[in-house]
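Reader: Could you walk me through this model and tell me what stands behind each label you use?

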Amino acid sequence: MQTPRLPTGKHRFRLKQVDHDGAFTYSHEVEVQLQVQEGTFYLTSPFPNPFSTQTVIRLEAAQTQPIEVTVLDVLGREVRQLLKQVVSDERAYEVILDAQDLPSGLYLIRVRGDGFVMTQSVLLQR
């Protein structure tokens, strides 16, 4: 199972070292700034996948732009439109596919933006 990616922004981390005798110490805190590189976008894999009712993808764009997220069947026919709007470069978007009314099977999630198209497959199992 894949762990979802951290969103853009500042994050703080520290490590915990545990010795064989159970004693432990913490490292100094480290701050990390995550951001999407200029001219690119970030899209997570659908999670969970396979799924039974809902799956989620997260996307971020390096610049404000119109984005369209659609669900296709394996023959390439559009089943549902999940998102069609201008997304801001200042935030992460969470897109949910609620498939309670769809039959089991393989589906494609297509994401289109300025200068990119990406397609990921999801498996709906009941």
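Author: Gladly, and let us start in a loop. Pro48 lies in the loop between strand S5 (41-43) and S6, and Pro50 has its place in the loop between S5 and S6 as well. Please keep in mind that this is a predicted model.

Reader: What makes the peptide bond from Phe47 to Pro48 worth a remark?

Author: The bond from Phe47 to Pro48 is cis, with omega near -5 degrees. A cis peptide bond also joins Asn49 and Pro50, where omega is about 5 degrees. Most peptide bonds are trans.

Reader: How many helices and strands does the chain have?

Author: There are zero helices and 11 strands. Read from the N terminus, the elements run β-β-β-β-β-β-β-β-β-β-β.

Reader: Which strands make up the open sheet, and in what order?

Author: The open sheet has four strands in the order S8-S7-S10-S11, with antiparallel pairing. On average, neighbouring strands of this sheet are turned by 15 degrees against each other, direction ignored.

Reader: Why are S8 and S11 called edge strands?

Author: Strand S8 (78-87) and strand S11 (116-124) each pair on one side only, so they are the edge strands.

Reader: How do you know that S7 pairs with S8?

Author: Two strands need at least two bridges to count as paired. Strand S7 (residues 65-73) is joined to S8 by eight bridges, so the pair qualifies, and the two run antiparallel. Among the partners, Thr70 has Gln81 as its bridge partner in S8, and Ile67 stands opposite Gln85. In the hairpin of S7 and S8, four residues sit between the strands, and Gly76 there takes a positive phi near 90 degrees.

Reader: What joins S7 to S10?

Author: S7 and strand S10 (residues 105-113) pair over six bridges in the antiparallel sense. One of the contacts between these strands puts Asp73 opposite its bridge partner Tyr107 in S10.

Reader: What makes S7 a mostly covered strand?

Author: Seven of the nine residues of S7 are buried. That label asks for a relative accessible area under 20%. For the whole chain of 126 residues, 29% count as buried.

Reader: Which residues form the covered face of strand S9, and which the uncovered one?

Author: In strand S9 (residues 93-98), Tyr93, Val95 and Leu97 form the covered face, while Glu94, Ile96 and Asp98 form the uncovered one. In a regular strand the side chains alternate between the two faces of the sheet. S9 is joined to strand S6 (residues 54-61) by six bridges, and the two run antiparallel. The bridge partner of Leu59 in S9 is Tyr93.

Reader: Which residues have the most contacts inside the largest nonpolar core?

Author: They are Ile57, Leu59, Ile67, Val69, Val87, Leu97 and Val111, in a core of 21 residues. S6, S7, S8, S9, S10 and S11 each supply at least two residues of this core. Ile67 is in contact with residues including Leu59, Val87 and Val111, leaving aside its neighbours within four places in sequence. In soluble globular proteins, nonpolar side chains tend to be buried together.

Reader: Why is the pair of Phe24 and Tyr26 called edge-to-face?

Author: A search of the whole structure finds one aromatic pair. Phe24 and Tyr26 lie 5.8 Å apart centre to centre, with 80 degrees between the planes. The cut-offs are 6.5 Å for the centres and over 60 degrees for the planes, so the rings count as an edge-to-face pair.

Reader: Why do Phe24 and Tyr26 count as partly exposed?

Author: Phe24 has a relative accessible area of 45% and Tyr26 one of 42%. Partly exposed runs between 20% and 50%, so both values fit the label.

Reader: How do you know that a charge sits over the ring of Phe24?

Author: The charged end of Lys16 sits over the ring of Phe24, 4.4 Å from its centre, and the distance limit is 6 Å. Arg14 lies over the face of Tyr26, at 4.2 Å from the ring centre.

Reader: Why is Ser121 called partly exposed?

Author: Ser121, in strand S11, has 38% relative accessibility, so it falls between the limits of 20% and 50%. Beyond residues up to four places away in sequence, Ser121 touches Pro46, Asn49, Leu106, Tyr107 and Leu108.

Notes. Residues are numbered from 1 along each chain as its sequence is written. This is a predicted model: local features need pLDDT of at least 70, side-chain atom pairs count only at pLDDT 80 or more; totals for chains, interfaces and linings use all residues. Side-chain values use heavy atoms; hydrogens and water are left out. Rings of Phe, Tyr and Trp (its six-membered ring) pair if their centres lie within 6.5 Å; planes under 30 degrees apart count as stacked, over 60 as edge-to-face and the rest as tilted. Buried means under 20% relative accessible area, exposed over 50%, partly exposed in between (1.4 Å probe, protein chains only). A charge sits over a ring if NZ of Lys or CZ of Arg is within 6 Å of the ring centre and within 35 degrees of the ring normal. Axes are lines fitted to C-alpha atoms, for helices over the stretch in contact, and angles run from 0 to 180 degrees between N-to-C directions. A nonpolar core is a set of buried Ala, Val, Leu, Ile, Met, Phe, Trp, Tyr and Cys residues joined through side-chain atoms within 4.5 Å. Contact means heavy atoms within 4.5 Å.
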